[in-house]
Amino acid sequence: MSTAATTGTAEPVKYSRVMLKISGEALMGDQGYGLHPPTVARIAQEVKSVRDLGVEICMVIGGGNIFRGLAGSAQGMERTTADYMGMLATVMNALAMQSALEEIGVFTRVISAIPMDQVCEPYIRRRAVRHLEKKRVCIFAAGTGNPYFTTDTAATLRASEMGCEAVFKGTKVDGVYDKDPKKHADAKRYDVVSYDETLEKHLGVMDATAIALARDNHLPIIVFSLDEPGGFRGILAGQGTYTRVQS
C-alpha cells in the first residue's frame, strides 16, 4: 500500500497501514501487575483516533504484565513451557483490548498464532488482510506461535506479512536514547538511527531478531511515548517527538 490515508477533511497522513506494538506493561497503569481498565480504555481511544483518520491498524501486545517467559525460565521453569505461557498471556491482553475497542465502536478481530477457536480466530494471512481492508483493527496474539521468539519479532513479522508501512513502538519514553534518560541527565535522543547502529550499540529498541527482520524488509520502526495523549495520531500527521529507525 502506497497511497496515504486521509481524514474526513482531506488532511493527509503519512501511512495507510501500520503496526502498533505495545508492551503488556503498558496496560498496567500504575499497578504492579495485571490490567488497569482505565489505561486500556485510554489506549483504545488512541487507536480509535488513528483508525478515524482512515489508517488500517494492526496491533501486537506483549504479555509481561501477566507472565514473562524469560522470567519463568530464569526461575527454573523449562523455557519452552514458559514461553507458551507467555503467549497465552498475550491472548488475554488482546481480548481485553478488543473489548475496550468494541466498547467505543471499533470493530476488532483477535487473531491467534495458536488456534483457540472459542475465543479468537486462527491466523490466516489473507483473511487478516481482508479484515484490514474492511477497516477492522486486527490484534495479533500468541506471538509467532513458537517459543524463543519475542512479541517484538512477532510484530515485525506480522507487519511484513500484512504489508504495513511502519512499526510504531509505543514506550515510556519519547524515542531512542544513547543511554537510559531516567538515569542519565545527559542522555541524547536520536531523531533517526540506522538498524545497524541500533544493533551495534544495543540501543534496546527491540530484540536483535526483530531489528534484523525489519532491516531485511525495509520496514521503518518509529519509537514514541505511549504516555503522551494524542501522540500516536500526532506522529501519523507529522507532528510530535519520536525516533525513526531505518536504513
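**Exercise 1. Strand S1 and its partner**

How many bridges join S1 to strand S6, and in which sense do the two strands run?

Solution. The model is a predicted one. Step 1: S6 covers residues 167-171, and four bridges join S1 to it. Step 2: the two strands run parallel. Step 3: at the level of residues, Lys21 of S1 has Lys169 as its bridge partner in S6.

**Exercise 2. The sheet as a whole**

Work out the strand order of the open sheet and name its edge strands.

Solution. Step 1: nine strands make up the sheet, in the order S4-S3-S5-S2-S1-S6-S10-S11-S9. Step 2: the pairing is mixed. Step 3: strand S4 (121-122) and strand S9 (192-194) are the edges, since each pairs on one side only. Step 4: helix H1 (residues 37-51) lies across S1, S2 and strand S5 (137-141), and runs at about 155° to S2.

**Exercise 3. The surroundings of Lys21**

Is Lys21 buried or exposed, and what does its side chain meet in a polar contact?

Solution. Step 1: locate the residue, which is found in strand S1 (residues 17-22). Step 2: its relative accessible area is 3%; buried means under 20%, so Lys21 is buried. Step 3: leave aside neighbours within four places in sequence; the contacts of Lys21 then include Val60, Gly62, Thr151, Asp152, Phe168, Lys169 and Met206. Step 4: one of these residues, Asp152, has a side chain joined to that of Lys21 by a polar contact of 3.3 Å.

**Exercise 4. The annotated binding site**

Which residues of the UniProt "binding site" annotation belong to the lining of the largest pocket?

Solution. Step 1: take the set from the record, an unreviewed UniProt entry, which lists Lys21, Ile22, Ser23, Gly24, Gly64, Arg68, Thr171, Tyr177 and Asp180. Step 2: these positions spread over 160 residues of sequence and are also spread in space, up to 24.8 Å between C-alpha atoms. Step 3: from this set, the lining of the largest pocket takes in Lys21, Ser23, Gly24, Gly64, Arg68, Thr171, Tyr177 and Asp180. Step 4: look at Arg68, which is found in the loop between strand S2 (56-61) and helix H2 (69-74). Arg68 is partly exposed, with a relative accessible area of 43%, and a polar contact of 2.3 Å joins its side chain to that of Glu25.

**Exercise 5. Strand S10**

Why is S10 largely enclosed by the rest of the structure, and which strands pair with it?

Solution. Step 1: S10 is largely enclosed because five of its five residues are buried. Step 2: Ile221, Val223 and Ser225 point one way from the strand, Ile222 and Phe224 the other way, and all are buried. Step 3: S6 and S10 run parallel and are joined by five bridges; here Lys169 stands opposite Val223. Step 4: with strand S11 (residues 243-246), S10 pairs in the antiparallel sense over three bridges, and Ile221 has Val245 as its bridge partner.

**Exercise 6. Two positive phi angles**

Where do Ala142 and His218 lie, and is each buried or exposed?

Solution. Step 1: Ala142 has a positive phi of about 65° although it is not a glycine. Ala142 is placed in the loop between S5 and helix H5 (151-162), and at 0% relative accessibility it counts as buried. Step 2: His218, also a residue other than glycine, has a positive phi near 55°. His218 lies in the loop between helix H7 (208-216) and strand S10 (221-225), and is exposed, with a relative accessible area of 63%.

Conventions:
Residues numbered from 1 in each chain as written. Predicted model: local features only at pLDDT ≥ 70, side-chain atom pairs only at ≥ 80, totals over all residues. Heavy atoms only, no water. UniProt positions renumbered as here; feature names shortened; annotations may be inferred. 1 Å grid on protein atoms, 1.4 Å probe; cavity = no way out; pocket = protein on both sides within 12 Å on 5 of 7 lines; lining within 4 Å. Buried < 20%, exposed > 50% of the residue type's maximum accessible area, 1.4 Å probe, protein only. Contact = heavy atoms within 4.5 Å. Polar contact = N/O pair within 3.5 Å; in protein donor to acceptor, adjacent residues only side chain to side chain. Pairing = 2+ DSSP bridges. Axes fitted to C-alpha atoms, helices over the stretch in contact; angles between N-to-C directions.
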